[in-house]
Amino acid sequence: MVSNGHTGDIVLEVEDLRTYFSTRWGTVKAVDGVSFDLRRGETLGIVGESGCGKSVTMLSLMRLIPMPPGEIVSGSIVLQGQDILQLTENEMSKVRGSQIALIIQDPMTSLNPVFTIGSQVNEAIQIHQDIPRRSILQQTLEVLRKVNIPAAETRVKDYPHQLSGGMRQRVVGAIGISCEPAVLIADEPTTSLDVTIQAQYLKLLKDLQQQQNLALIFITHDFGVVAKMCDRVAVMYAGRIVEMGNVREIFNSPSHPYTEALLASVPKLEEDVDRLFAIEGQPPALHDLPQGCAFADRCPHVMDRCREEYPAQFQVSATHNAACWRLA
Amino acid sequence: MTANPQRGEASARASALLEVRDLKKHFPVTKGLIFSRTTGYLKAVDGISFQIERGKTLGIVGESGCGKSTTAKLLLMLEEPTEGQILFEGEDIHHTDASHRRSYRSSVQAVFQDPWSSLNPRMRVRDLIGEPMVINWDVPKREIEERVEKLLNDVGLSSYHANLFPHEFSGGQRQRLAIARGLSLNPKMIVLDEPVSALDVSIRAQIMNLLKDLQKEYEVSYLLIAHHLATVRYMCDWVAVMYLGQIVEYAEVKELYNTPLHPYTKALMSAALPSHPDIEQDEIILTGEVPSPLNPPSGCRFHTRCPFAMDRCAVEIPETKEVAPGHTTSCHLY
């Protein structure tokens with residue numbers, strides 16, 4: 001069991017990442033100064049609402065930002081000792097899939113409908129591993145068995161439409177782990193699945209993580225997924241990480257008003273809640289961010305200072321920090 | 001408030017607003033294009049019974065393919081049932097005269113999951129919300145406009161929003177529009193089909209609270225279709241758990257969440273995500289997926305995935321038993 005106390009070596013270090021898009025409304029600062037690190041065998045959850053920059057962070061890590069209109073303006077992404085922002089596109093395509101891989105949200109659209117699942121899984125193996133043709137099929141089957149596809153020998157010849165949603169998602173997972181990457185990013189991998197299928201899939205990801213000592217990044221809007229899966233959490237709002245800490249620190253003593261409000265606004269399975277706390281208003285437009293804290297307009301604790309200056313990161317504990325003037 | 005001409009003297013005959021008795025919907029499965037013949041039936045809803053009380057909320061939970069959306073369509077009269085009855089204020093809606101049916105249709109409204117596709121992009125808000133009243137009520141235009149303004153205020157928007165088009169609103173605001181439209185005819189019941197699952201997390205609580213407030217104000221009953229168990233716990237008074245076209249467990253919300261009986265309900269609860277990392281959950285992870293409703297398993301439909309399955313489960317269909325007052329389940333364990 002990989003737990004909080006586990007300190008593997010750092011496989012990914014993101015420093016002051018800024019990804020901007022130029023649009024006709026002006027520059028959209030989708031990711032604006034994001035820093036975090038990730039250790040081997042660890043699971044980091046990146047939580048936030050749509051438009052908070054979590055998906056752009058993920059695309060930046062994969063270097064899949066469409067340029068133009070997007071641009072990684074500054075920062076560094078050091079993956080296993082190598083800054084991938086300095087790589088050429090050719091070099092990057094060798095890294096992508098073999099060292100850092102991605103599981104996309106929607107299994108219905110992320111598989112190609114005109115190729116068999118076997119050929120889609122072995123494509124990644126063919127590109128990244130120098131092994132004879134004959135053993136590719138063997139490896140493909142092995143990967144499919146790892147993600148619990150029943151009767152993998154016959155399933156390799158199936159097309160995506162012949163599989164159920166849960167199976168398709170597992171095939172997407174198989175492609176992700178086929179080259180044993182160091183870092184696997186899962187972008188809302190379970191939102192389109194049914195509850196019981198979701199539980200199966202999350203368990204599978206946990207098992208795979210232990211087998212391969214994977215570093216996992218979970219992109220999600222669901223605190224339930226975080227509670228179930230993650231060791232550490234980064235909460236994003238309007239392109240920045242507003243709070244980061246170990247999962248228990250975040251749940252037990254949320255220090256940023258946004259995290260606090262978000263946790264209070266989720267209905268609970270285990271107890272009766274009389275009335276949910278609702279955060280009024282909506283997230284700000286990213287092309288027109290206020291000068292100070294982006295949450296100020298919705299914050300119950302707002303002070304004058306919040307509107308003037310963006311808060312610095314304050315340490316709550318050695319592993320827990322939040323960007324809020326209340327902590328100053 | 002505008003008088004509602006459709007609302008005659010409410011018959012207080014039945015205590016429940018709506019009662020469903022042994023409702024079935026079987027879709028024929030055909031083969032061949034020209035000389036097509038029926039080769040079987042897809043039993044989307046297969047003998048369900050429940051009641052909805054005035055001003056209360058019934059939740060229907062289940063995985064995709066369990067028949068919850070077909071149930072909603074049957075109640076909205078968008079599908080004709082194969083068998084069974086829907087009694088509304090004591091009146092069988094399928095065996096009554098046209099005027100009763102018409103009044104039923106305006107008494108039962110719907111709010112759908114996706115506010116991006118449920119609002120006509122070419123209509124202004126005033127027409128979107130006013131249209132049901134223009135069609136159903138014979139009242140002057142000015143009265144309708146006043147009521148649109150009141151509805152907008154009730155759902156937390158402003159009067160000036162009446163002039164805008166749907167694309168000018170955010171997701172949460174659009175869902176508010178859909179709710180205002182649902183309320184426009186003073187319905188007695190609203191079918192809510194996953195009303196918050198397409199919205200952002202911080203917006204969901206706003207909409208759920210709004211729905212609860214409006215329920216009190218308008219004295220309307222809800223049928224809530226949802227898959228998120230925590231949402232159902234927060235919103236509902238009664239819950240029906242569906243599996244492959246049948247209700248496997250039916251109870252008051254507290255009772256169901258504190259003492260789930262049916263193995264499927266237990267599995268759903270243990271599969272649902274916890275609200276805190278320290279919460280220990282039973283690990284009942286179901287293997288496999290929901291079988292096809294075209295060819296449902298014999299005996300108890302859940303026996304193929306049930307961790308407690310016995311020999312008789314494969315053969316004998318379990319009866320629905322009342323295990324505690326108001327708490328029924330269909331399982332051989334009880």
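The radius of gyration here is taken over C-alpha atoms, and the globule rule is 2.2 Å times the number of residues to the power 0.38. This is a predicted model, where local features need pLDDT of at least 70, side-chain atom pairs count only at pLDDT 80 or more, and totals for chains, interfaces and linings use all residues. Residues are numbered from 1 along each chain as its sequence is written, chains are lettered from A and ligands numbered from 1 in the order in which they are written, and side-chain values use heavy atoms, with hydrogens and water left out.

**Exercise 1. Test the radius of gyration of chain B and of chain A against the globule rule.**

Step 1. Take chain B. It has 334 residues, for which a compact globule would have a radius near 20 Å. Chain B has 21 Å, which agrees.

Step 2. Take chain A. With 328 residues, the rule again gives a value near 20 Å, and chain A has 21 Å, in agreement.

Step 3. Add the boxes along the principal axes. The C-alpha atoms of chain B fill roughly 70 × 55 × 45 Å. Those of chain A fill roughly 70 × 50 × 40 Å.

Step 4. Count the elements. Helices (H or I, at least four residues) and strands (E, at least two) are DSSP runs, numbered from the N terminus. Chain A has 11 helices and 12 strands. Chain B has 9 helices and 12 strands.

**Exercise 2. Find where the pLDDT falls below 50 in chain A and under 50 in chain B.**

Step 1. Start with the averages. pLDDT is the predictor's confidence in each residue, from 0 to 100. Chain A averages 88, and 98% of its residues score at least 70.

Step 2. Locate the weak stretch of chain A. Residues 1-7 are below 50. Beyond near neighbours in sequence, this stretch has 12 contacts (heavy atoms within 4.5 Å).

Step 3. Turn to chain B. Its mean is 88, and 96% of its residues reach 70 or more. Residues 1-14 of chain B stay under 50, with 25 contacts beyond four places in sequence.

Step 4. Compare elements of chain B. Strand β2 (residues 37-53) has the lowest mean pLDDT, 89, and strand β3 (residues 57-61) the highest, 95.

Step 5. Check the complex. The predictor gives an ipTM of 0.80 and a pTM of 0.85.

**Exercise 3. Describe the interface of chain A and chain B.**

Step 1. Count residues. 46 residues of chain A are in contact with 43 of chain B.

Step 2. Get the area. Buried area is the accessible area (1.4 Å probe) that two parts lose on being put together, summed over both. The value is about 3,900 Å², and carbon and sulfur atoms give 54% of that. In chain A, V195(A), T196(A) and L269(A) lose the most area to chain B, together 17% of what that side buries.

Step 3. Look for charge pairs. A salt bridge puts a side-chain nitrogen of Lys or Arg within 4 Å of a carboxyl oxygen of Asp or Glu. The rule finds 4 across this interface. D272(A) and R233(B) meet in a salt bridge at 3.1 Å, N to O.

**Exercise 4. Identify what the salt bridge of D32(A) and R240(A) ties together.**

Step 1. Set the total. Over all chains, the salt bridges come to 31.

Step 2. Take the pair. The side chains of D32(A) and R240(A) meet at 3.7 Å, N to O.

Step 3. Place both ends. D32(A) lies in strand β2 (residues 26-39) of chain A and R240(A) in strand β10 (residues 240-246) of chain A, so the pair ties together parts 208 residues apart in sequence.
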